[in-house]
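Biologist: Before I plan anything at the bench, could we go through this structure together, one question at a time?

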Amino acid sequence: MSVVIAIPEMGNDLFRKYMKSKYTAALRRAGAEYKWIDLSDPSAAAKEACACDGLLLPGGSDVEPSLYGQERTEKCGAPNMLRDNAEPLMLRAFLKTEKPVLAICRGLQVMNVALGGTLYQDIKDRQQAKHSDFLRRGRTTHSISIEQDSLLYSIVKSAETAVNSLHHQAIAVPANTVRVTANSGDGFIEAVELKDYGFCLGVQWHPEHMSKHSASQQNIFNCFANECKKGK
Ligand code: MN
């Protein structure tokens, strides 16, 4: 039986349709179906997500800084209040079901903020590696080191791998309930996992743009879908 993955609605302009197609193609290759969740009523959205077998928090705009107790700085991008209002609520409700969660880029940042952590509003002055290559989304720009006893290591099967990068923000203080399981060479958090939970993985890069040609990146979606199947 196929599993259905809940994904918060990202929008339907041409650019977002293209970005959405990368997630859905990766999920289809993993044998999973998906359901875009309308976010206009956050509590209804949370309920609808909880009825699905897994939750995927996708990439998108910068998280509203007031959600992690900061004033907006000039380098922080415009928020998407529809997503900022609904996604933390959806995630916290979904975690009570103990079903699998995969959080990508903004998704990892939403996960950290929803659980009490903070973000750097802009990393450009701090970074040494290239963390944003907008036009070459599928190309690797920097390497990451992966903790060997982590969920991510069991998926990627390597202590070091190269990833693409499309972010200008990063986790500053990780939430108490998350464990950092990958870092970039210049010290940014590239993956987190929820402690004492089955499958809840956040990655700062975009495996959906690499997974068509990278077996290890596609394996993130495959393992996520397989965990969702186990819960059925
Ligand atoms: Mn990066």
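**Loops, metal site, core and pocket**

Modeller: Lys 157 is found in the loop that runs between α5 (151-156) and β7, and please keep in mind throughout that this is a predicted model.

Biologist: Is Lys 157 buried or exposed?

Modeller: Lys 157 has a positive phi of about 60° although it is not a glycine. Its relative accessible area is 61%, and since the class of exposed residues begins over 50%, Lys 157 counts as exposed.

Biologist: Which loop holds Cys 105, and is that residue buried or exposed?

Modeller: Cys 105 is not a glycine either, yet it has a positive phi of about 55°. The residue sits in the loop between β4 and α4. With a relative accessible area of 5%, and because buried means under 20%, Cys 105 is buried.

Biologist: Which residues are the protein donors of the manganese ion?

Modeller: Along the chain, the donors follow the spacing H-x10-H-x22-S-x1-H-x22-E. They lie 2.2 to 2.4 Å from the manganese ion, and they are His 131 (ND1), His 142 (NE2), Ser 165 (OG), His 167 (NE2) and Glu 190 (OE).

Biologist: How many residues apart are His 142 and Ser 165, and why does each of them count as buried?

Modeller: Buried means under 20% relative accessible area, so His 142, at 8%, counts as buried, and so does Ser 165, at 1%. His 142 belongs to strand β6 (residues 142-146), whereas Ser 165 is in the loop between β7 (160-163) and β8 (170-171). The pair thus links distant parts of the chain, and the separation is 23 residues.

Biologist: Which residues have the most contacts inside the largest nonpolar core?

Modeller: This core has 33 residues, and the elements that give two or more residues to it are α2 (42-50), β3 (54-57), α3 (81-95), β4 (101-104), α4 (106-114) and β10 (189-194). Apart from it lies another core, of 32 residues, which includes Leu 27, Trp 205, Phe 221 and Phe 224. Inside the largest core, the residues with the most contacts are Leu 55, Met 90, Leu 91 and Val 101.

Biologist: Which residues does Val 101 touch, not counting residues up to four places away in sequence?

Modeller: Val 101 is one of the residues with the most contacts inside the largest nonpolar core. Not counting residues up to four places away in sequence, Val 101 touches Leu 55, Leu 91, Phe 94, Leu 95, Tyr 197, Phe 199, Cys 200, Leu 201 and Phe 224.

Biologist: Which element supplies the largest share of the lining of the largest pocket?

Modeller: The largest pocket has a volume of about 520 Å³ and is lined by 21 residues, with Met 19, Gly 59, Gly 60, Ser 61 and Leu 166 lying nearest its centre. By character, the lining residues divide into seven nonpolar, 10 polar and four charged. Both α1 (14-29) and α4 supply at least two residues of the lining, but the largest share, four residues, comes from α1.

Biologist: What distance separates the C-alpha atoms of Gly 31 and Glu 87?

Modeller: Gly 31 is placed in the loop between α1 and β2 (32-37), and at 38% relative accessibility it counts as partly exposed. Not counting residues up to four places away in sequence, Gly 31 touches Ser 2 and Lys 229. Gly 31 and Glu 87 are 56 residues apart along the chain, and the separation of their C-alpha atoms is 25 Å.

Definitions and conventions. Residues are numbered from 1 along each chain as its sequence is written. This is a predicted model: local features need pLDDT of at least 70, side-chain atom pairs count only at pLDDT 80 or more; totals for chains, interfaces and linings use all residues. Side-chain values use heavy atoms; hydrogens and water are left out. A nonpolar core is a set of buried Ala, Val, Leu, Ile, Met, Phe, Trp, Tyr and Cys residues joined through side-chain atoms within 4.5 Å. Buried means under 20% relative accessible area, exposed over 50%, partly exposed in between (1.4 Å probe, protein chains only). Contact means heavy atoms within 4.5 Å. On a 1 Å grid over the protein atoms alone, a cavity is a set of points where a 1.4 Å probe fits but cannot get out, and a pocket is an open set with protein on both sides within 12 Å along at least five of seven lines; lining residues have an atom within 4 Å of a point. Grid points are joined across faces, edges and corners, and a volume is the space filled by probe spheres set on the points. Ala, Val, Leu, Ile, Met, Phe, Trp, Tyr, Cys and Pro count as nonpolar, Asp, Glu, Lys and Arg as charged, and the others, Gly among them, as polar. Donors are N, O and S atoms within 2.8 Å of the metal (3.2 Å for Na, K and Ca); water is not among the atoms, so sites may look incomplete.
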